[in-house]
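Visitor: I'm new to this one, and I'd like a close look at a single part. Could you take the helix and its charged pair, and then show me how the rest fits around it?

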Amino acid sequence: MIPDIILPPHVAWASGVFTNGPLVCKTTHIADLPDVFNDNDAWRGCEPQQRVYDVEMFDTPSNDGALYVGVTHLYAGKIGDEFFMTRGHFHRRREQGEVYFGLRGCGLLLLQTEAGDARLEQVTAGSVHIIPPFTAHRLINTGNETLSSLAVWPGIAGHDYALLAEGFALRIFASGEGYEVRHG
């Protein structure tokens, strides 16, 4: 007997669009990000329902051993002089790592330990980022087009935003034709 050949889910590498799989989609709007951006007055002056980023992921059980696969589409924009960014998080299960693959656009991956040590990695099409255990992470779009990144992480990792209530140690602001890094 010849086994059935299954057509697995696909991702279009140039755009991050998924096909052939059950998807879960989540949109994060400006109103969903209070106290994330440095300039609260500028944040309050924005259209609350403007999309900052979308996350699409395959509907996967969160069992031990299962992996989530998703794409974040972080739109170009600024609040004040600060670039659009994801909320950023630690994993609830701190010992869990993650991998990001840059698909399109340009930006930065901000990584920070619980002790507050922070570093930045350039995200571009084709870049690969290994996020170690015990490390918070945030995407920042420093370009003029959508920054899309595919991520793979353990289904049991979870998200913990509480430890970052005071924010990350570094912030990225527009400066001339590029960006400037400032301490938070």
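Guide: Let's start right at helix H1, which covers residues 40-44 and holds both Arg 44 and Asp 41. These two sit three residues apart, about one turn of the helix. Their side chains form a salt bridge, with the closest N and O atoms 2.6 Å apart. Arg 44 is exposed, and Asp 41 is exposed too. In general, side chains of opposite charge can pair when their charged atoms come close. One thing to keep in mind as you look around: this is a predicted model.

H1 is the one helix of the protein chain, which also has 15 strands. The loop between S3 and H1 is worth a stop, and Asp 35 lies in that loop. Phi of Asp 35 is near 65°, a positive value in a residue other than glycine. With a relative accessible area of 58%, Asp 35 is over the 50% mark and therefore counts as exposed.

Step back along the chain and you meet another residue of that kind. Asn 20 lies in the loop between strand S2 (17-19) and strand S3 (23-29). Asn 20 isn't a glycine either, yet its phi is positive, at about 65°. Asn 20 has 42% relative accessibility, so it counts as partly exposed.

Now go the other way, past the helix, to strand S4, which spans residues 51-58 and includes Val 55. At 21% relative accessibility Val 55 is partly exposed, because buried would mean under 20%. Leaving out residues up to four places away in sequence, Val 55 touches Val 24, Cys 25, Lys 26, Val 71 and Thr 72. Take Val 71 from that list: Val 55 and Val 71 are 16 residues apart along the chain, and their C-alpha atoms are separated by 5.6 Å.

Strand S5 runs over residues 67-74, and Val 69 is part of it. Val 69 is partly exposed, since its relative accessible area is 23% and buried means under 20%. Its contacts beyond four places in sequence are Phe 18, Glu 56, Met 57, Phe 58, Leu 150, Ala 151, Val 152 and Trp 153. Phe 58 is 11 residues from Val 69 in sequence, with 6.0 Å between the two C-alpha atoms.

Then there's Lys 78, found in strand S6 (residues 78-79). Lys 78 is partly exposed, with a relative accessible area of 44%. Setting aside neighbours within four places in sequence, Lys 78 is in contact with Phe 83, Phe 84 and Ala 174. You can also check Lys 78 against Cys 46: they are 32 residues apart along the chain, and their C-alpha atoms are 10.0 Å apart.

Back to charged pairs, then. The structure holds eight salt bridges, and the one in the helix between Arg 44 and Asp 41 is among them. Another links Glu 95 with Arg 93, where the closest N and O atoms are 2.9 Å apart. Glu 95 has 37% relative accessibility and so counts as partly exposed. Arg 93 is partly exposed as well, with a relative accessible area of 35%. Salt bridges that share partners also join Arg 94, Glu 114 and Asp 160 into one network. Glu 121 and Arg 119 make a further pair, their side chains meeting in a salt bridge at 3.3 Å, N to O. For Arg 119 the relative accessible area is 39%, which means partly exposed.

What about charge over the whole chain? There are 13 positive and 22 negative charges, and their mean positions are 2 Å apart.

Finally, zoom all the way out. A compact globule with 184 residues would have a radius of gyration near 16 Å, and the protein chain has 17 Å, so the two agree. Along the principal axes, the C-alpha atoms fill a box of roughly 65 × 35 × 30 Å. Of the 184 residues, 43% count as buried. The accessible surface comes to about 9,700 Å², and 53% of that belongs to carbon and sulfur atoms. Among contacts in the protein chain with a separation of 6 or more, 67% are between residues 24 or more positions apart.

Conventions:
Residues numbered from 1 in each chain as written. Predicted model: local features only at pLDDT ≥ 70, side-chain atom pairs only at ≥ 80, totals over all residues. Heavy atoms only, no water. Helix = DSSP H or I, 4+ residues; strand = E, 2+ residues; numbered from the N terminus. Rg over C-alpha atoms; globule rule 2.2 N^0.38 Å. Buried < 20%, exposed > 50% of the residue type's maximum accessible area, 1.4 Å probe, protein only. Contact = heavy atoms within 4.5 Å. Areas by Shrake-Rupley, 256 points an atom, 1.4 Å probe, with all protein chains shown as cover. Lys, Arg positive; Asp, Glu negative; His and termini not counted. Charge placed at Lys NZ, Arg CZ, Asp CG, Glu CD. Salt bridge = Lys/Arg side-chain N within 4 Å of Asp/Glu carboxyl O.
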